Amino acid sequence: MKLLERIHTVFGTPPLAAHIAVGKKGEWIAMKHLRHCNYRIIDHNVRVGKHDEIDIVAWDPTDKVYVFAEVKTRSRADVDFRPELNVTYQKKLRMARAARRWMVQRNEDVGYRLDVLCIVENSVANHFIDVH
């Protein structure tokens, strides 16, 4: 066992950086929201390829499509720093590429869409559906 692994075993895992902890909490809030909307969570924090990550993969039984959700979280409300402002055109392109790769890797032949969930102060502020 490596020294760092021993230290973590004895003393526990190191605490997450504040922004990482906020993001992880936001993802759990988003998954709870999606479940409440009757979506089935398939996976979360999925790496696709070398550079792409999907925050949440879910199934929407109403529309019968996979939902690839990006979660943007803010610990406090600020009109000038809304979560959705970080969903740029480039981010949407990366989301679409990751979704297509995920579908191809699993040989899925159904529809999909890209959603963005904005979490502010521990609740869902917005759920943007089909952000293409």
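This report walks through a predicted model, from its helices and strands to its charged pairs.

## Helix 2 and what it packs on

Let's start with helix 2, which runs over residues 18-36. How far apart should the ends of this helix be? At 1.5 Å a residue, its 19 residues should span 27 Å, and the end C-alpha atoms are indeed 27 Å apart, so the expected and modelled values agree.

Part of this helix is hidden away. Gly26, Glu27, Ile29, Ala30, Met31 and Leu34 are buried in helix 2. A bit of helix geometry is handy here: an α-helix has 3.6 residues a turn, so residues three or four places apart point the same way. And what do the buried residues of helix 2 pack against? Their partners are strand 1, strand 2, strand 3 (65-74), strand 4 (112-120) and strand 5 (123-128).

## A hairpin of two strands

Next up are strand 1 (residues 40-48) and strand 2 (residues 52-60), which pair in the antiparallel sense over 7 bridges. To pick out one of these pairings, look at Arg47: its bridge partner in strand 2 is Glu53.

The hairpin has 3 residues between the two strands. Have a look at Gly49 in this hairpin, where phi is positive, near 70 degrees.

## Positive phi away from glycine

Gly49 is a glycine with a positive phi, but a few other residues deserve a look too. As a rule, most residues other than glycine have a negative phi. Asn38, which follows helix 2, has a positive phi near 70 degrees.

Lys64 isn't a glycine either, yet its phi is positive, at about 55 degrees. You'll find Lys64 in the loop between strand 2 and strand 3. Is Lys64 buried or exposed? With a relative accessible area of 55%, Lys64 is exposed. Glu121 also has a positive phi, near 50 degrees, without being a glycine. Glu121 sits in the loop between strand 4 and strand 5, and a relative accessible area of 47% makes this residue partly exposed.

## Arg113 and its acidic partners

Now for the charges. Side chains of opposite charge can pair when their charged atoms come close. How many salt bridges does the structure hold? The count is 7.

Arg113 takes part in a salt bridge with Asp60, where the closest N and O atoms are 3.0 Å apart. Arg113 belongs to strand 4 and Asp60 to strand 2, so this pair ties together parts of the chain that are 53 residues apart in sequence. Both ends are tucked away: Arg113 is buried at 6% relative accessibility, and Asp60 is buried with a relative accessible area of 4%.

Arg113 forms a salt bridge with Asp63 as well, and here the closest N and O atoms are 2.9 Å apart. That pair links distant parts of the chain, since Arg113 is in strand 4 while Asp63 is in the loop between strand 2 and strand 3, 50 residues apart. Asp63 is partly exposed, at 45% relative accessibility. Zoom out a little and you get a network of salt bridges that links Asp60, Asp63, Arg113 and Asp115.

## Lys91 and Glu70

Another charged pair involves Lys91, a residue of helix 3 (residues 89-105). Which residues does Lys91 touch, if you don't count those up to four places away in sequence? They are Glu70 and Asn86.

With Glu70, Lys91 forms a salt bridge whose closest N and O atoms are 3.5 Å apart. Lys91 lies in helix 3 and Glu70 in strand 3, so the pair ties together parts that are 21 residues apart in sequence. The side chains of these two residues are also joined by a polar contact of 3.5 Å. Are the two partners buried or exposed? Lys91 has a relative accessible area of 15%, under the 20% cut-off, so this lysine is buried. Glu70 is buried too, at 6% relative accessibility.

## Cysteines without a disulfide

Last, a quick look at sulfur. How many disulfides does the structure hold? There are 0. Cys37 is partly exposed at 32% relative accessibility, whereas Cys118 is buried, with a relative accessible area of 0%.

Note on methods
Residues are numbered from 1 along each chain as its sequence is written. This is a predicted model: local features need pLDDT of at least 70, side-chain atom pairs count only at pLDDT 80 or more; totals for chains, interfaces and linings use all residues. Side-chain values use heavy atoms; hydrogens and water are left out. Two strands pair if DSSP finds at least two bridges between them. Helices (H or I, at least four residues) and strands (E, at least two) are DSSP runs, numbered from the N terminus. A polar contact is a pair of N or O atoms within 3.5 Å; within protein, one must be able to donate a hydrogen and the other to accept it, and residues adjacent in sequence count only if both atoms are side-chain atoms. Contact means heavy atoms within 4.5 Å. The expected span of a helix is 1.5 Å times one less than its number of residues. Buried means under 20% relative accessible area, exposed over 50%, partly exposed in between (1.4 Å probe, protein chains only). A disulfide is a pair of cysteine sulfur atoms within 2.5 Å. A salt bridge is a side-chain nitrogen of Lys or Arg within 4 Å of a carboxyl oxygen of Asp or Glu.
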